[in-house]
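I opened a fresh page for this one and wrote down what I looked up, in the order I looked. Follow along with the model beside you.

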Amino acid sequence: MPRRGAKRGERKASCSLTEVVFVLVLLACGFMIGFVGSHTSGEEDAPVRLRQHPAMPPKHITHPSGPLNASMWGHIPQPFDGYAPLCGPTPEEGYPKTAPIADIIKNWNPDAGKWTPSHMYESVCRFDYATDLDKAIAYRDAEVPFQLYNVPSMNAVARAWADPAHLRRKLGATTKYKCEASNPGGEANFGANHFMYTNGRSSRNPPIKNVQLSWDDWLRKIDEAVNTSVLEPNSRFYFRFSASSPSDARSGWLFKELPFFQPKPNVFFKDPRAQRGIHCRFGMEGIVAEAHWDGSRNTIAQFYGRRRYVLVDPDHTCDMYLLAKNHPSGRHSKVDWSNPDSWEKFPDFPTMPAHEVVQRPGDFLYLPTYYLHYIVSIDTNYQCNTRSGRDDRQLKVVNKCTPGFEKQAAPRGIRGKKAWPSRGKF
């Protein structure tokens, strides 16, 4: 017969075990309550939140400037056979390879929204900043387009900007910015998601209109457009802001935030003295910026989402059927690229040589002076660009095909000055 003391010990052990189980259950419940609370309490602090996107980074990053990975973006089509470039020390003859624009549009119509094909006519070199910087500088000096990726400071910004709260702190939740919305008016208007530039001087009913939006306003527009067709009027908006210098009262922080765009010697600036500020344009899914050329070198940085560029060498400017200088949308193509049925009026357009490239988070795209580009926002995306000087070797053909433009050999104050070094770390 067991002793009384032994039974008491067994009861104590049994009670201790029960208490342990009870405490563990309480701890588990408390963890779940805290987990749910941590994912809901932020709603009051951040009244508008961007929907989850493939570019959202993990919360704990050991090396924020380390290489980005494919989880930061969606599907990128592969180059068709025979279109992947060799990317040697200098551009090969015939770089970049082109295809008729009719084939490019047939494969991937600009109004396709988020849908992406398995392949595309991509022939632009992608250089790793860590290993291919010399190549990138050589291609820049040859005035041909290329992409550059794996820039440490850019990787850090791409991760930071994937968090809407970070940009809210920089932009302000309620500060209004001059943004753009599509408008049904204008002589060259190809749909609610097509944004045709206008200078606003002589068009009473332009194809775009200016609207005042805050960061949170724009995030609401994104949420409202989730189940709305890209062809629905007044459903797509560009969020825009710029800084002319670090002393800019509203957006001067861009120069500190984006050290690679400071006017210092580096691969992005052929001539840092000719920089013309930093210009940011955030697009919503399905937005199309109509084809045009810019009169200076252009370096475009992609921080979030995907943006497709269809590119045309300035030698083929005449095939674009550009509007004249005195037109409100001068130097832009009057062809609706997304509608092949309308091309009969433009007989040289379907065979125009072109190529394409997709910008993903962490990418830079270098475009030489006058290089024509047509831009499609595959999904919500953030992009900023800067310009630095010009190269006029192809100005004659651009002038010939864009009535009203006169030659200017170089920006005032730049001619004759010693070239700056090409390198620079940041």
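**Entry 1: the overall count.** Before counting, I fixed my terms: helices are DSSP runs of H or I with at least four residues, strands are runs of E with at least two, and both are numbered from the N terminus. On that basis I found nine helices and 17 strands in the protein chain. A reminder to myself: this is a predicted model. The chain has 426 residues, and 51% of them are buried. I also checked the contacts with a separation of 6 or more, and 79% of these are between residues 24 or more positions apart.

**Entry 2: the nonpolar cores.** In soluble globular proteins, nonpolar side chains tend to be buried together. With that in mind I went looking for cores, and the largest nonpolar core came out at 67 residues. Leu-148, Trp-161, Trp-218, Leu-258, Phe-282 and Phe-303 have the most contacts inside it. Strand S9 (residues 237-243) gives the largest share of this core, five residues. Another core lies apart from it, with 29 residues, among them Ile-104, Val-310, Met-320 and Leu-372.

**Entry 3: Trp-161 and its helix.** What does Trp-161 touch, leaving aside its neighbours within four places in sequence? I listed His-166, Leu-167, Trp-253, Leu-254, Glu-257, Leu-258, Phe-282, Phe-303, Tyr-382 and Cys-384. I then turned to helix H5 (residues 152-161), which is mostly covered, with seven of its 10 residues buried. The buried ones are Ser-153, Met-154, Asn-155, Val-157, Ala-158, Arg-159 and Trp-161. Their cover includes helix H6 (164-171), helix H8 (253-257) and strand S10 (275-283), along with S12, S15 and strand S17 (381-388).

**Entry 4: strand S15 and its partners.** S15 turned up in that cover, and I followed it further. In strand S15 (residues 364-367), Phe-364 and Tyr-366 point one way while Leu-365 and Leu-367 point the other, and all are buried. Strand S5 (residues 146-149) runs antiparallel to S15, joined to it by three bridges; here Phe-146 has Tyr-366 as its bridge partner. S15 also pairs in the antiparallel sense with strand S12 (residues 298-304), over four bridges, and in this pair Ile-300 is the bridge partner of Leu-365.

**Entry 5: empty space.** Rolling a probe the size of a water molecule over the atoms shows where empty space is left. How many cavities of 30 Å³ or more are there? I got one, and its space is about 50 Å³. Its lining is Phe-146, Leu-148, Val-267, Phe-268, Thr-299, Phe-364, Leu-365 and Tyr-366. S15 supplies the largest share of that lining, three residues, and S5 and S15 each supply at least two. Seven of the lining residues are nonpolar, one is polar and none is charged.

The largest pocket holds about 1,100 Å³ of space. It is lined by 41 residues, and those closest to its centre are Glu-180, Tyr-197, Arg-240, Arg-281 and Arg-387. I sorted the pocket lining into 15 nonpolar, 15 polar and 11 charged residues.

**Entry 6: an open sheet.** I traced an open sheet of six strands in the order S2-S14-S13-S16-S11-S7, with mixed pairing. Its edge strands are strand S2 (99-100) and strand S7 (194-195), each paired on one side only. Inside the order, strand S13 (residues 307-312) and strand S16 (residues 372-377) pair in the antiparallel sense over six bridges, and Arg-308 stands opposite Val-376 in S16. Val-376 also led me to Ala-112: their C-alpha atoms are separated by 9.7 Å, though the two are 264 residues apart along the chain. Ala-112 sits in the loop between helix H3 (101-107) and strand S3 (119-120). Is Ala-112 buried or partly exposed? It counts as partly exposed because its relative accessibility is 27%, and buried means under 20%.

**Entry 7: backbone oddities.** Most residues other than glycine have a negative phi, and most peptide bonds are trans. I noted the exceptions I came across. Tyr-95 and Pro-96 are joined by a cis peptide bond, with omega about -10°; Pro-96 is in the loop between strand S1 (78-79) and S2. Asn-234 is not a glycine, yet has a positive phi of about 60°. It lies in the loop between helix H7 (215-224) and S9, and at 45% relative accessibility Asn-234 counts as partly exposed. Arg-331 also has a positive phi, near 65°, and its place is the loop between S13 and strand S14 (353-359).

Terms used
Residues numbered from 1 in each chain as written. Predicted model: local features only at pLDDT ≥ 70, side-chain atom pairs only at ≥ 80, totals over all residues. Heavy atoms only, no water. Core = buried A, V, L, I, M, F, W, Y, C linked by side-chain atoms within 4.5 Å. Buried < 20%, exposed > 50% of the residue type's maximum accessible area, 1.4 Å probe, protein only. Contact = heavy atoms within 4.5 Å. 1 Å grid on protein atoms, 1.4 Å probe; cavity = no way out; pocket = protein on both sides within 12 Å on 5 of 7 lines; lining within 4 Å. Points joined across faces, edges and corners; volume = space filled by probe spheres on them. Nonpolar A, V, L, I, M, F, W, Y, C, P; charged D, E, K, R; others polar. Pairing = 2+ DSSP bridges.
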